[in-house]
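Student: I'd like to work through how the labels used for a structure follow from the computed values. Could we take it step by step?

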Amino acid sequence: MPLPPSPPVNIENIESLGLTLGEFERIQDLLGRNPNWTELAIFSVMWSEHCSYKSSKILLKTLPTEGPRVVQGPGENAGVVDIGDGMVAVFKIESHNHPSFIEPFQGAATGVGGILRDIFTMGARPIALLNSLRFGDPDEPHTRYLLKGVVSGISSYGNCVGVPNVGGEINFDFCYDNNNLVNVFCLGVAQKDRIFLGKASGIGNSVLYVGSKTGRDGIKGASMASASFESSTEEMRPTVQVGDPFTEKLLIEACLEAMQHDWVVGIQDMGAAGLTSSSFEMADRSGTGIELDLSKVPMRETGMTPFEILLSESQERMLFVIENGREDEAKKIFDKWDLDAVVIGKVTDTGIMRMTMEGEEVVNLPIDTVVESAPQLVRPTKKPSYLDAVDNLNVKLIPELERGDGILKLLLKSVNIADKSWAYKQYDHMVGINTLVLPGSDAAVIRVKESQKALAISVDGNSRYCHLNPFRGAQIAVAECFRNIACSGGVPIGLTNCLNFGNPEKPEIMWQFEQAVAGIGNVCNYFNVPIVSGNVSLYNETKGKSIYPTPIVAAVGLLEDQTKHCTQWFKNPGDRIGLLGLTLEEIGGTEYLESYLDLCQGSVPALDIQYERKIQELCIDLIQEDIALSAHDCADGGLAVALAEACFTGPGESLGATINLYASIRNDALLFGESQSRIVISYSPDKKDIIEEKAKNAGLDFSDLGTVGGTDLTVNLNDKEFIKEKISTLEEVWREPLQRYGG
Amino acid sequence: MKCGIVVFPGSNCDRDSFHILKEILGLETEWIWHKENSLKKFDLVVLPGGFSYGDYLRPGAISKFSPIMKSIIKYAENGGKLLGICNGFQILVECGLLPGVLMRNISHAFICDTVPVRLENDQTPFTSSSSKGTVLKLPIAHADGRYFADEDTIKELNDNDQIVLRYCDSSGTVSDENNPNGSVTNIAGIVNKAKTVCGMMPHPERQADPLWPNIDGQVIFKSLIQST
Amino acid sequence: MLAKIHVTLKDGVLDTQGKAVHHALNDLGYQEVKGVNLGKYVEVQLDGLSPAEAEERVREMCQNLLANPVIESYRFTLDSQE
């Protein structure tokens, strides 16, 4: 059957593929000829922001990516960090924002599917998922539709593949109306000597297509482009990709089984830009060429063109390169799992990607030209003018509080602080029997079965801070992420980031991006924690309105002894409660200002990185020495919220607390301010002296604040009752909001 | 005691059961691949949790036609001990080894939680190491766990003492408020008349590793060891 | 031949999804909605069977796999057009 004619390569069609005229001329120069339609489509996806990081690459290069534990840094499917005993942690975070807005259930589900593939592609068994979600105003019905769809999509996919979803964060803000964010993180573990990369080495080796058949799903550019040249009755192609977690589960098992064998040379997920990016990137990393016969690609629909086969984003597909002569052994494994496995091509020494279809050559491109010559842009930056206005907060105009009970309840029922169990109880967070600390504490702790170790994981971001000060906001995101890990007993050993921003063509957005990247790099450098993987999501804007800058970071921490993990809730009546760190008179950018006065203004809390690091080290030390029985990061909502949460978030009976504070700063800053580098701990009364001594030796502040016990949370301020409320009431207030919005 | 764990495509708690039986309890344990046509000699066969065949059509509906199931049914009919956990329970009711059906939770949503269940019968090989009325805290993780059967079947289950676990509160009171999925009379687990086939929605294997403070799930496995 | 099969819950079995859709429709202002039953629709393409054989085979398929006789009932039509 002859191939249908391709549309002409003209300016209109070039732009419909998302390429600029300048880029087209660059392609002509590089090739010394005009590309054909299919080749042009390859350039359009490979040079897209998504694949080429053209706006962000130059800035991302400034981030610290090296360290003694780093086995694989950015540029592969996922980052790999040594955890000792011959084992490695493999992890990455990725966005699936736009698909989750179009179709929240499938968009979120396929996001989970994609990040899982990034992990097991490396030879690692996925052992935990986290997610970071952002939605608009929860009082809008459409927001609730998106929330429910995204949570059930994540739940449906993760539960079925049997990888526990151990927590994350959900935040709401007007800035995400019409632009929700879905960032998904996956952690896997592997033997250090069994890590696989996306390589296509060994001349004559076979290129093996494995998994689901290729359909026309996800061909975004194609649907736009085809409208301009096909008959007007032609239906617009569905751009929604549908996830099949059952096939994914089979893929995980089959791929991990295949990777027991040394004949697997390289493997890569056919994710964004599908077969195109996987084949080009694999060949590029090895400096080889590839010859593919597209007619051999298993197809779900008839009459697919090379263009469609190459741009399809059908899910649950993998590209393997295996040693020549081992095809039958490979197929036997995939047969066992009822998966398609077809040899579609071979590795060559030409440095050329040559593709044929029905015997006709449809693509003949030098691989390095496509992969390495994508433009790298130095986009102009400009400090946004709104910053001067928001920075200006006259605290003197805000009266101090008479009592704190009302504000505490207001904050506990703020949807950003309120209980998230409505979401995580829909996620199977225990499958795999590794979840030592379940969702609902500062970080999840996952045991590593093959060793005595455990890994603590946390995902964090604070877009309000980043809106007010992207550098500090990003710094705090990293510091808080590490602090959450420290509160669980872990030492951070690696970080992955997902940078969600607006339109990079706007200098103000690019400035935010630049600042945030610098902030992340700054804290990681100081903590000596490498950034080993990540993802950038730009153009998050609707009708010209951009989201707040939202850098999301996820860190992995190591616990050498899996029994020495810690949780945030108080353990025994009679224990003492103390605060590591110092509360400053800071209320700028707080949840308190936002919830109580509807203000998103002021200076973001200060961050002294040196102090922060020492606080975290002390916390880890106190946990390892069995001195701290609980540790909870003091973050959104400040000290009062942290104390309340420590009272009622435990799995057993709630415990009350009586706190006596003596201070001269504003009472709202003391109880609801969000000063950084603070951790609420509890301990047996006889340990108070040793904590004091350790804090003093480290040059840190420590204050013994009160006692665990009773049924109320009582806070006396300078000997006067400031907060007194039943724990059961506080808990009720905190539990209700998400149940209501999600129900 | 020799244990076998059936692996269906989509099983995902198979490795968890294996870990508890083999690594924690030290029992001889083997995998049974669903495409096998015959069954070796086992003292216990476990149908593990998960989403066999993606739970497509109905949970458990397609698995009952796996090649191994003929041998498993024969094994059960000959008195072999068979434990179905979660998806395993769903398969057992689909293939008729246990009565009733497991429907979509009353909330429609998947529920993952640790809940109290009351031991209703200590005269079965799955429960004999504990005593009637004991409250165990066990994890559940399912979307289709609402046990349903017609009145006659429920009466028969009661008359024959076939109900082994009921959802309850922490003091052991069985009530609608403590029924997470809407199961008829809070049923969480049942046995066949011969008391050799047991299906339960809770996951005892998730609370049986002493690395966690709660090892209530060991009750089920220790009972099986004692009765072998 | 095309078998068009409808699988629904038997009368008296609580249809939680139907109930939820019922509520949602009422909430949207469709007060006339007095009941909703949710079921499955399955199309099975058949080859080389007479109508009588097809009816027999499809009935078997429903009983063995497509419906759960404990709670579900089924009905089907056979369509001779491809």
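Student: What makes β27(A) and strand β28 (residues 720-726) of chain A a pair?

Tutor: In this predicted model, β27(A) and β28(A) are joined antiparallel over six bridges. Two strands pair if there are at least two bridges between them, so six bridges are enough for β27(A) and β28(A) to be called paired. One place to look is A:Thr714, which stands opposite A:Lys724 in β28(A). In the hairpin of these strands, two residues lie between them, and A:Asn718 has a positive phi near 50 degrees.

Student: Which strand does β27 (residues 712-717) of chain A join in the parallel sense?

Tutor: That is strand β24 (residues 657-661) of chain A, with five bridges to β27(A). A:Ile659 has A:Val715 as its bridge partner in β27(A).

Student: Why is the pairing of the six-stranded sheet in chain A described as open, and which strands are at its edges?

Tutor: Its order is β14-β15-β16-β21-β17-β18, with mixed pairing. The edge strands are β14 (435-437) and β18 (531-537) of chain A, each of which pairs on one side only. On average, neighbouring strands of this sheet are turned by 25 degrees against each other, direction ignored.

Student: How do you know that β16 and β21 of chain A are paired?

Tutor: Seven bridges join β16 (residues 454-460) to β21 (residues 550-559), and these strands of chain A run antiparallel. The criterion is at least two bridges, so the seven found here satisfy it. For example, A:Asp460 stands opposite A:Val553 in β21(A). Helix α19 (residues 470-487) of chain A lies across β16, β17 (491-500) and β21, at about 25 degrees to β21(A).

Student: How do you know that the span of α8(A) agrees with what is expected of a helix?

Tutor: Its 21 residues should span 30 Å at 1.5 Å a residue, and the end C-alpha atoms are 30 Å apart, so the two agree. Of those 21 residues, 16 are buried, and α8(A) is thus mostly covered. After α8(A) comes A:Gly162, with a positive phi near 80 degrees.

Student: Where does α8(A) come into the contact between chains A and B?

Tutor: On the side of chain A that touches chain B, α8 (141-161) and α10 (245-258) are the elements that give two or more residues. The contact takes 22 residues from chain A and 22 residues from chain B. By class, the chain A side has 10 nonpolar, seven polar and five charged residues.

Student: Why is B:Phe65 called partly exposed?

Tutor: B:Phe65 has 14 other C-beta atoms within 10 Å. A residue is buried at 20 or more and exposed at 12 or fewer, so with 14 B:Phe65 falls in between and is partly exposed. B:Phe65 is found in the loop between β3 (44-47) and α2 (67-77) of chain B. B:Phe65 and B:Cys95 are 30 residues apart in sequence, with their C-alpha atoms 8.6 Å apart in space.

Student: What makes chain A as compact as a globular protein of its length?

Tutor: Its radius of gyration is 27 Å, close to the 27 Å given by the globule rule for 743 residues, so chain A is as compact as a globular protein of that length. Chain A has 26 helices and 28 strands, and 60% of its 743 residues count as buried.

Definitions and conventions
Residues are numbered from 1 along each chain as its sequence is written. Chains are lettered from A and ligands numbered from 1 in the order in which they are written. This is a predicted model: local features need pLDDT of at least 70, side-chain atom pairs count only at pLDDT 80 or more; totals for chains, interfaces and linings use all residues. Helices (H or I, at least four residues) and strands (E, at least two) are DSSP runs, numbered from the N terminus. Axes are lines fitted to C-alpha atoms, for helices over the stretch in contact, and angles run from 0 to 180 degrees between N-to-C directions. Two residues are in contact if their C-beta atoms, placed from the backbone, lie within 7 Å. Ala, Val, Leu, Ile, Met, Phe, Trp, Tyr, Cys and Pro count as nonpolar, Asp, Glu, Lys and Arg as charged, and the others, Gly among them, as polar. The expected span of a helix is 1.5 Å times one less than its number of residues. The radius of gyration is taken over C-alpha atoms; the globule rule is 2.2 Å times the number of residues to the power 0.38.
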